[in-house]
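Please report on the model shown here. Keep it brief and plain.

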Amino acid sequence: MIKASISDNGNQLVIAEGEQRVRFHAIWLRDNAWDPDTRSVSNGQRLISLGEIPADISIGALQVSGDEISITFQPENRTISYQAKWLMAHSYDGESAHKRGWLRQGIETWGSELNDQVPVASFDAVQSDTAALRNWLHAIERYGFAKLANGPVYDQALFSVVELFGYVRETNYGRHFEVRTEVNPTNLAYTGLGLQAHTDNPYRDPVPTVQVLYCLESSAAGGENKVVDGFAVAQRLHQENPEWFDVLSRYCARFEYQGANDVLLRARKPLIELAPDGELIAVRFNNRSAAAITDVPFEDMELFYAAYRRMAGLIDDPSMEVSFRLEPGECFLVDNTRVLHARNGYSGEGTRWLQGCYADKDALYSKLQVLNLEIDGAQRAGVGT
Ligand code: FE2
């Protein structure tokens with residue numbers, strides 16, 4: 001049973017349902033109205049600007065009928081209906097004291113214990129079954145990476161993986177890049193050396209948010225792929241010393257890549273990136289492309305380096321890593337804003353041929369949300385009436 005009342009001289013609506021009591025401001029309600037004069041019926045986009053809403057907007061009258069709450073706003077004298085269920089689902093009147101480094105719901109950090117349950121799906125299944133695709137994309141949202149097995153083995157087969165959810169991000173490396181031994185490597189990734197775990201292209205802004213690495217040949221010894229959860233690293237750093245976490249999130253590092261073909265890429269971003277309210281949103285770490293750090297004040301530089309050293313130590317800690325070997329037709333996808341990837345060195349005997357490409361999370365999450373709606377039949381997010 002919903003109860004609603006006007007409070008603070010019409011400035012607030014109070015809804016009570018059982019023990020729960022939440023408040024909404026008149027301006028918030030008016031701005032989030034779903035009547036056809038405020039929002040397009042066809043695409044849900046807002047039709048009015050904030051300037052068209054009177055600054056002295058208030059709730060003049062209220063009527064409750066079942067789940068529907070009708071509010072008459074003054075001085076507009078306009079009556080708009082809201083679903084109480086939608087309002088409760090979008091309540092902002094609660095605990096907001098987040099800890100620095102908090103994680104969005106649905107994200108699960110991990111370490112080497114995930115070796116026993118690496119998220120994986122079969123290529124055929126995700127191509128033919130939307131529920132399997134949804135589950136695979138959901139695993140990427142949750143863990144920041146997932147494998148795909150039993151895929152086709154042909155040149156540029158990796159594009160068929162990106163087509164499952166989005167679009168290739170073309171860069172100066174092309175639409176895709178080759179990862180195998182080359183006689184004159186222009187980038188260390190193209191040699192047989194092992195590589196420390198890293199995120200790709202931190203010298204790019206915006207950074208590619210998804211990377212796909214697809215195996216076409218794998219007869220050389222070694223070369224196992226490893227992934228490390230950058231969010232778990234950041235959490236451990238915070239546990240060990242909040243000052244370390246703080247200094248790496250408070251100041252920007254610098255990254256640079258100067259390559260062939262007139263390329264000079266530079267970015268100034270923190271190693272641990274937080275949203276203004278402290279949400280942990282990205283981790284960047286790439287020793288090869290780290291440039292001189294000049295944005296940390298002299299007084300904090302030693303602390304910064306101590307934190308940076310410990311972050312690198314945690315990234316190299318075997319208890320943080322998951323490793324697997326890719327066979328031809330297998331690939332893995334990482335959220336490049338969260339999960340670091342690495343590989344062991346491999347010998348010159350036999351061949352190892354991977355192809356990689358970049359894509360972005362916006363399309364991946366869009367696909368996931370659409371599949372969630374299709375499969376669960378849930379209401380479109382945000383549509384209240
Ligand atoms: Fe890489």
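Which domains does the domain assignment of the protein give? The assignment gives domain 1 (2–89) and domain 2 (112–370). Such bounds come from an automatic or database domain assignment. The C-alpha centres of domain 1 and domain 2 are 44 Å apart.

This is a predicted model: local features need pLDDT of at least 70, side-chain atom pairs count only at pLDDT 80 or more, and totals for chains, interfaces and linings use all residues. Residues are numbered from 1 along each chain as its sequence is written, and side-chain values use heavy atoms, with hydrogens and water left out.

**Confidence.** pLDDT is the predictor's confidence in each residue, from 0 to 100. The protein has a mean pLDDT of 93, and 94% of its residues reach 70 or more. Over residues 379–385 the pLDDT is below 50. Beyond near neighbours in sequence, that stretch has 15 contacts (heavy atoms within 4.5 Å) in the model. Where pLDDT is low, the predicted coordinates should not be read in detail.

**Iron site.** Three residues supply the protein donors of the iron ion: H198 (NE2), D200 (OD) and H341 (NE2). They lie 2.1 to 2.2 Å from the ion. Donors here are N, O and S atoms within 2.8 Å of the metal (3.2 Å for Na, K and Ca); water is not among the atoms, so sites may look incomplete. The sequence spacing is H-x1-D-x140-H. H198 and D200 are both buried (under 20% relative accessible area, 1.4 Å probe, protein chains only).

**Sheets.** Strands (E, at least two residues) and helices (H or I, at least four) are DSSP runs, numbered from the N terminus. Two strands pair if DSSP finds at least two bridges between them. The model has these two open sheets, both with antiparallel pairing.

| Strand order | Edge strands | Average twist between neighbours |
|---|---|---|
| β11-β20-β13-β18 | β11 (195–198), β18 (321–324) | 20° |
| β1-β2-β3 | β1 (2–7), β3 (20–25) | 20° |

In the four-strand sheet, four bridges join β13 (residues 225–229) to β18. N225 stands opposite F324 in β18. Helix α6 (residues 230–240) lies across β13 and β20 (339–343). The helix runs at about 45° to β13. Axes are lines fitted to C-alpha atoms, for helices over the stretch in contact, and angles run from 0 to 180 degrees between N-to-C directions.

In the three-strand sheet, β1 and β3 each have a single partner strand, so one side of each is left without a neighbour in the sheet. Six bridges join β1 to β2 (residues 12–17). The bridge partner of I6 is L13 in β2.

Key. Buried means under 20% relative accessible area, exposed over 50%, partly exposed in between (1.4 Å probe, protein chains only).
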